[in-house]
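Got the viewer open? Here's a walk through one protein, stop by stop, with something to select at each.

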Amino acid sequence: MDLLRLPLLPLIEVFKNMDFHEKFLISFLSKRARNTLTVTSEKLHLTFHLSGGLFIDSEPCDYCSRSRVTNKVSDCLIEGNVIRMSIGPIGVISREKSPQKQLLLANYVLDTFKCSFINIIFYDPTLPSSAWEFMKMINHRQLSVHTLFYYIKSNSSEFIPRILDECTEVIDYVVIYPMFPDDFIYTPPRPFKAREICVTGSANWFNFEDFVSCRRVRFPLNKKSKWTSKSWNIFFRNWLNSDDPLEHMWCFNSYRLNFPQMIKGLSNGRTQRQRRNKWIEVNRKDGSEFVIGKADDHFYIMSKEEHFEYLKST
């Protein structure tokens, strides 16, 4: 029986019972086969891992396991180029080192399968220039990026700002470990939309005031930071009287700061203590209740409800 001659509704059921490997191979049978697959397949949650090679998972995850993909290598023709790849039940691995061929494969998958959102993970030894080209391609397609993890440690003040500029539309979560010169400060071209942004490693480039459009921000305080206890006091006052979405901030490496000076005049209540935590309760101008606290070498902002759960876990 010619599968592609089935009516549309039975085809939808047939493809629903197929794994990624079977669907992906069907897409190479003919242009008609690929178009039929695109029209009838359910939307996927694709995850792209770039770590020198390209790994594509057909379901959301925060890691890539080679055990999920067969070791068998296939040669497939994409836009006149032979692309060596390994295909498994839920993913495909490019066996090509060329960034151009990796982009060809990524574009082929995105042209073939509809997706509701995608996740992106960059690891060494991927070049920052390749990460930038990939983000440009994704944004050109106006795809919905759910999470983005950037763990490329090479220093590139040329490309990393461009990559960050392409991340402002990420919906949920951005984790970034970039390397910048000590005197570099990044200024986003527009507010970030992500629910949460987390900076690891060096944060000398990170001016957190440019990221209060995010609900949650986590970052280490740079040793050469010009932010004093008085500076933080001014920030807290401005935040309490603003409409900024920020509702959770966690700042590491803040052992040099004087907590009483940071919170001076912000609350009529006394400073409360529990084990290694000390905090005050504050109200924003809309009446919402928050906590500003400090524990060991970090300080934080969080809602009273979240703080209650946090204290139970510490």
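What follows is a tour that begins with the whole chain and then goes residue by residue.

**The whole chain**

Start zoomed out, and keep in mind that this is a predicted model. Colour by pLDDT: the average for the protein is 86, and 90% of the residues score at least 70. Which elements sit at the two ends of that confidence scale? Select residues 8-16, helix H1, and you have the lowest mean pLDDT of the elements, 54; select 298-303, strand S15, and you have the highest, 96. Go easy on zooming in at the weak end, since where pLDDT is low, the predicted coordinates should not be read in detail.

Now switch to cartoon, where there are 9 helices and 15 strands to find. Taken along the principal axes, the C-alpha atoms fill a box of roughly 80 × 40 × 35 Å. Of the 314 residues, 48% are buried. Looking at contacts with a separation of 6 or more, 58% come from residues 24 or more positions apart.

**Colour by domain**

Give three colours to domain 1 (1-41), domain 2 (43-220) and domain 3 (226-313). The C-alpha centres of domain 2 and domain 3 are 33 Å apart. Where those two touch, domain 2 puts in 11 residues and domain 3 puts in 14.

For a feel of the distances, select Asn-35, which is in helix H3 (residues 31-40). Asn-35 counts as partly exposed because its relative accessible area is 41%. Then draw a line from its C-alpha atom to that of Cys-251: the two are 216 residues apart along the chain and 50 Å apart in space.

**Strands S6 and S7**

Next, select Ile-121 in strand S6. Ile-121 is buried, at 1% relative accessible area. Its C-alpha atom is 6.1 Å from that of Tyr-150, even though their positions lie 29 residues apart along the chain.

Add Phe-122 and show side chains. How are the rings of Phe-122 and Tyr-150 arranged? They make an edge-to-face aromatic pair, with 6.1 Å from centre to centre and 70° between the planes. This pair ties together distant parts of the chain, with Phe-122 in S6 (residues 115-123) and Tyr-150 in S7 (residues 145-151), 28 residues apart. Are these two buried or exposed? Phe-122 is buried, with 0% relative accessible area, and Tyr-150 is buried with 0% as well.

Slide along to Pro-125, in the loop between S6 and helix H5 (128-140). Check the peptide bond from Asp-124 to Pro-125: it is cis, with omega near 5°.

**More rings**

There are 34 aromatic pairs in the structure. One aromatic cluster is worth selecting as a group: Tyr-186, Phe-192, Trp-205, Phe-206, Phe-208, Phe-211, Phe-219, Trp-227, Trp-232, Phe-235, Phe-236 and Phe-299.

Then look for charges over rings. The charged end of Lys-153 sits over the ring of Tyr-177, 5.4 Å from the ring centre. Likewise, Arg-162 places its charged end over the ring of Phe-159, 5.1 Å from the centre.

**The cysteines**

How many disulfides does the structure hold? The count is 0. Select Cys-167 to see one case: it is in no disulfide, and the nearest cysteine sulfur, that of Cys-214, is 11 Å away. A pair would need its sulfur atoms within 2.5 Å to count as a disulfide. Cys-167 is buried, at 0% relative accessibility. Cys-76 is also buried, with a relative accessible area of 10%.

**Two loops with positive phi**

Last, go to Arg-275, in the loop between strand S12 (272-274) and strand S13 (277-283). Its phi is near 50°, a positive value in a residue other than glycine. Arg-275 is exposed, with 60% relative accessible area.

Finish at Asp-296, in the loop between strand S14 (289-295) and S15. Asp-296 is not a glycine, yet its phi is positive, about 55°. With a relative accessible area of 47%, Asp-296 is partly exposed; the exposed class takes over 50%.

Notes
Residues numbered from 1 in each chain as written. Heavy atoms only, no water. Buried < 20%, exposed > 50% of the residue type's maximum accessible area, 1.4 Å probe, protein only. pLDDT = per-residue confidence, 0-100. Helix = DSSP H or I, 4+ residues; strand = E, 2+ residues; numbered from the N terminus. Phe/Tyr/Trp six-rings, centres within 6.5 Å; stacked < 30°, edge-to-face > 60°. Lys NZ or Arg CZ within 6 Å of the ring centre and 35° of its normal. Domains from an automatic or database assignment. Contact = heavy atoms within 4.5 Å.
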